[in-house]
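Subject: The structure, plus some notes

Hi,

Here is the structure I said I would pass on. Have it open while you read, and my notes will follow below.

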Amino acid sequence: MISLANAREMKAIDSYSIQTLGIPSLVLMERAAYCVARHIDEVLKDRENRTVIAVCGSGNNGGDGLAVVRILYTMGYNVAWYMAGNTDHATQETRLQMDILKRMEIRECKALDELKGAGLIVDALFGIGLTRNVEWDYARTIEAINTAGSLVCAVDMPSGVSTDHGQILGCAVKADFTVTFGVKKLGLVLYPGAALGGRIYVENIGFPAIAEEQAHIHTFALEDKDLPSCLPKRCPYSNKGTYGKVLIIAGSPQMAGACFFSARAAYGCGCGLVRVFTPKENHDVLLTRLPEAVMTLYDHHQVDLGALDRSLSWADAVVIGPGLSCDDMAKKILEHTLKHCRVPLLVDADGLNLLAENPGLWEWVPENTVITPHLGEMSRLTKDPVHHLAEDLPKACREFAEAHKVICVLKDARTVISDGTDSYINLSGNDGMATGGSGDVLSGIIGGFLAQGLPPLQAASLGCFVHGCAGDKGREVKGAYGLLASDIIQYMSKVIK
């Protein structure tokens, strides 16, 4: 599992290592610089242009860049440095690195025009500490880096990208690769920052494990090696009832696709039995496409609440919302489900739209219910504009989950999952999955994991990861343009084995 730090948490790791444990700041700086220099050497060793220029700020990130210049100089590179920061405000460590370069008579660039022609530029302007928009001289410096026509290596963070939420603060460096230290930063995985860091290398420069522990990082990401330990366990002596029963309350007349995708995905993640509660108009489609599903059909003009109660009593987990519509009958079904569901519950799609239209229903939403809004649905739920939510996805997700005591799965190019305390960022998936039915597949996967007994936060984070991994497998074969929701289901078997 990958830890993802914000600026405050990373500063806490740095501070604890230096001030409490007594590791000299210069030792950490030297190790950081060596790691950066090693990666640069790996990139440039076979290239003809071996000129490297570091563009430095006055903070310790600038000191890292200056140390990189010195190390590369000893390795035979043609190097130079440009000080963009105010040297009167330079840290003690950065001032020391600057003095060393001057004594070694390593060339200092005096104008931004000198960046042109470099084989590689080291971006060591700001690091993780930037909190306000880049303006004036710094903005011109970033423009010069981006237009120099050189490869760019960012030190810790591309300058201008927020460490906390990946937003561009005015303007930002576009790096070919980034060498970050200790822990991967949130701003390197959240868009648009994720598109500016290039290839990411995480280097351990000597922060002890105890330093990371005391920082109390609360954001994580699953990776491939986590799957075996996270998936529900299977055993030889078992039957269909062993692996849970999920109820899918979905679909409306002539809207059978959503309930099919959700139900089929629940089976695909190992659930033992799936029951679909849907209007009778959907019978033929479901019987043809998914004969494995148990069906409880109702008259859309007069729903049988007794049948709904029996279905709720049967289930180990419930998914409600895909293709449900937002009419009065759908509202009646949602309200009854919220009031009478006694097992883990997931609300998706039209279920969320009904909650947005009828906020009084929140009174009946059980604690630890999983909700799966995309940004448009989240905007309707919160009355907050999409662009404002997108400025800090982890914050929007975490605060909503905490306020409503739910597990919030805020879907975007980087989906954020939170219970209000701990959060996960999903790093799997691709743009080919931006297709109709993909969200219905996700609701079924999470519902299937809930039915198999996984805790809601684990079911939601694992469900998102498996969903994205299946989409990645599908893209390898189908490509991004032709990927369909049914392909995601098909390739789940390549992920869950």
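Let's start with a small hunt: where is the place of Ser159? Look in the loop between strand 5 (151-155) and strand 6 (177-181). Before you go further, please keep in mind that this is a predicted model.

Ser159 is buried, with a relative accessible area of just 1%. Leave aside the neighbours within four places in sequence, and Ser159 is in contact with Asp123, Leu125, Phe126, Ile142, Cys171, Ala172 and Val173. The loop between strand 5 and strand 6 also holds Asp156. Asp156 is a bit of an oddity: its phi is near 75°, a positive value in a residue other than glycine. With a relative accessible area of 10%, Asp156 is buried, because anything under 20% counts as buried.

Now for the whole chain. You will find 18 helices and 18 strands in it. The C-alpha trace spans about 85 × 45 × 40 Å along its principal axes. Of the 497 residues in the chain, 58% are buried. Take the contacts with a separation of 6 or more: 73% of them come from residues 24 or more positions apart.

Next, the inside. In soluble globular proteins, nonpolar side chains tend to be buried together. Here, the largest nonpolar core has 155 residues. Ile40, Ile249, Leu355 and Phe449 are the ones with the most contacts inside that core. Helix 17 (residues 456-478) gives the most to this core, namely nine residues. Another core lies apart from it, with 23 residues, including Ile53, Ala84, Ile121 and Leu125. You have met Leu125 already, as one of the residues in contact with Ser159.

Leu355 is a good one to click on. Not counting residues up to four places away in sequence, it touches Leu334, Leu338, Val347, Leu361, Trp362, Val365 and Leu381.

Two of those names come back when we look at how helices pack. Two packed helices are described by the angle between their axes and the distance between the axes. Try helix 11 (residues 328-340) and helix 12 (residues 350-357). Their axes come within 10 Å and cross at roughly 90°, so helix 11 and helix 12 are roughly perpendicular to each other. On the helix 11 side, Ala330, Lys331, Leu334 and Leu338 meet Gly351, Leu354 and Leu355 in helix 12. Sorted by class, the residues of this contact are five nonpolar, one polar and one charged.

Helix 11 also packs with helix 10 (residues 305-314), at an angle of about 40° and with the axes 11 Å apart. Helix 10 and helix 11 are therefore oblique to each other, and their crossing is right-handed. Which residues meet there? Helix 10 brings Leu305, Leu308, Asp309 and Leu312, while helix 11 brings Lys332, Ile333, His336, Thr337 and His340. That contact divides into four nonpolar, three polar and two charged residues.

Zoom in on Leu308 in helix 10. Is Leu308 buried or exposed? Its relative accessibility is 0%, so Leu308 counts as buried. Setting aside neighbours within four places in sequence, Leu308 is in contact with Ile249, Phe277, Ile333, His336 and Thr337. His336 makes a nice pair with it: the two are 28 residues apart in sequence, and 8.5 Å apart in space from C-alpha to C-alpha. Ile249 is worth a second look too, as it is among the residues with the most contacts inside the largest nonpolar core.

Last, a couple of backbone curiosities. Most residues other than glycine have a negative phi, and most peptide bonds are trans. Besides Asp156, have a look at Trp136, which has a positive phi near 50°. Trp136 is found in helix 5 (residues 136-146). At 66% relative accessibility, Trp136 counts as exposed, whereas Asp156 is buried.

And which bond is cis? The peptide bond from Tyr191 to Pro192 is, with omega near 5°. You can find Pro192 in the loop between strand 7 (184-185) and strand 8 (199-203).

Happy clicking, and write back if you get lost!

Definitions and conventions. Residues are numbered from 1 along each chain as its sequence is written. This is a predicted model: local features need pLDDT of at least 70, side-chain atom pairs count only at pLDDT 80 or more; totals for chains, interfaces and linings use all residues. Side-chain values use heavy atoms; hydrogens and water are left out. Axes are lines fitted to C-alpha atoms, for helices over the stretch in contact, and angles run from 0 to 180 degrees between N-to-C directions. Helices (H or I, at least four residues) and strands (E, at least two) are DSSP runs, numbered from the N terminus. Angles under 35 degrees count as roughly parallel, over 145 as roughly antiparallel, 65 to 115 as roughly perpendicular and the rest as oblique. A crossing is left-handed if the near helix is turned anticlockwise from the far one by less than a right angle, and right-handed if clockwise. Contact means heavy atoms within 4.5 Å. Ala, Val, Leu, Ile, Met, Phe, Trp, Tyr, Cys and Pro count as nonpolar, Asp, Glu, Lys and Arg as charged, and the others, Gly among them, as polar. A nonpolar core is a set of buried Ala, Val, Leu, Ile, Met, Phe, Trp, Tyr and Cys residues joined through side-chain atoms within 4.5 Å. Buried means under 20% relative accessible area, exposed over 50%, partly exposed in between (1.4 Å probe, protein chains only).
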